Amino acid sequence: MTPELMEEGARRVSAYAALAARDKTESGGRAAAGGRPVVPGEVDVAHGRILYLDDVSVSFDGFRAINKLSLDIAPGELRCIIGPNGAGKTTMMDIITGKTRPDAGSVFFGSTIDLLRYKEAEIAGMGIGRKFQKPTVFEQLTVFENLELALKTDKRVPASVFFQASSEDRDRLAQVLRTIHLADSVNRQAGNLSHGQKQWLEIGMLLMQDPKLLLLDEPVAGMTDEETERTAELFLSLKGKHSLMVVEHDMSFIQAISEKVTVLHEGSVLAEGTLQQVQGDERVIEVYLGR
Ligand SMILES: Nc1ncnc2c1ncn2[C@@H]1O[C@H](COP(=O)(O)OP(=O)(O)OP(=O)(O)O)[C@@H](O)[C@H]1O
Ligand SMILES: [Mg+2]
């Protein structure tokens, strides 16, 4: 979730609370301009890459968390990233999303957009959605309100509690509700959902913005086996329409969704291939899987 969305959510939570205390018949109707933050043109994937990291390094107090990391993702690909604790997986996502600036290297979205020139909110606005490990939905709002909120993140327009969703927005909302298996829970308060459902709702909030690339950090941590299986189905259904980068430690989940797997270790790519190939790699067994 972006800082802007957090802010807007907090505003909505208090606005909804105030309205709940009043006669609800007065609510609704006020339209606000939609739109999305700065988008510097379409993403050029003619070279077969939606994301491209080249020779990226970053150090924290002399410790090199990312070390000459090079990696690329094809449009529509579902890439799995595995590796031991501290390998630099989350830091890599921090760099892609503009949260952390690397000391060296380049990071491109498509072949023309140099992500290192943009701020975190601008990168989110370009269609790179990020899911952190902990679900960050607005617990006091309903499933519907959370998804509706995700439609409107443009900070250039005045704050408004309600806005009129276009028919296209409504169609997308209905579609996302089905995709995340929450169509039957549309009016439930998000705080009452299970951990897994909250995770799906947050993924749904990202999908409302129709991201080109989704970065998901340990999405099934804390889920039941059944929720994990449904999440695997969900990710497989997103593949092709979106490009996904999924960091996970849960090997049965990786097994269910993976095509190409990248193993990170000490800030660099240690191995890459199918899960079977990397599982058979001596170096991978030594640093990660053999533990
Ligand atoms: N902002 C920061 N300041 C200092 N050190 C950091 C910072 N961010 C990450 N690190 C360090 O960089 C290394 C890589 O951390 P990172 O969180 O990227 O690992 P990870 O692969 O995501 O691990 P895990 O599987 O445990 O989530 C760790 O040693 C971590 O302590
Ligand atoms: Mg991590």
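**Sheet, ligand shell and two odd phi values**

In S9, Thr 262 is the bridge partner of Ile 81. This is a predicted model, so to speak with its own filters: local features need pLDDT of at least 70, side-chain atom pairs count only at pLDDT 80 or more, and totals for chains, interfaces and linings use all residues. Residues are numbered from 1 along each chain as its sequence is written, while chains are lettered from A and ligands numbered from 1 in written order.

**The sheet**
- Strand S3 (residues 78-82) pairs with strand S9 (residues 260-265) in the parallel sense over four bridges; strands (E, at least two residues) and helices (H or I, at least four) are DSSP runs numbered from the N terminus, and pairing takes at least two DSSP bridges.
- Both strands sit in an open, mixed sheet of six, ordered S6-S7-S8-S3-S9-S10.
- At the edges are S6 (128-131) and S10 (268-273), each pairing on one side only.

**Around ligand 1**
- The surrounding residues include Phe 60, Lys 89 and Thr 90, where near means a C-beta atom, placed from the backbone, within 6 Å.
- Helix H2 (residues 89-96) gives the most to this shell, with three residues.

**Positive phi**
- Asp 61 has a positive phi of about 50 degrees despite not being a glycine, and its place is the loop between S1 (51-60) and S2 (63-73).
- With 5 C-beta neighbours inside 10 Å, Asp 61 counts as exposed; the cut-offs, using C-beta atoms placed from the backbone, are 12 or fewer others within 10 Å for exposed, 20 or more for buried, and partly exposed in between.
- His 181, with phi near 60 degrees, is partly exposed, with 17 other C-beta atoms within 10 Å.
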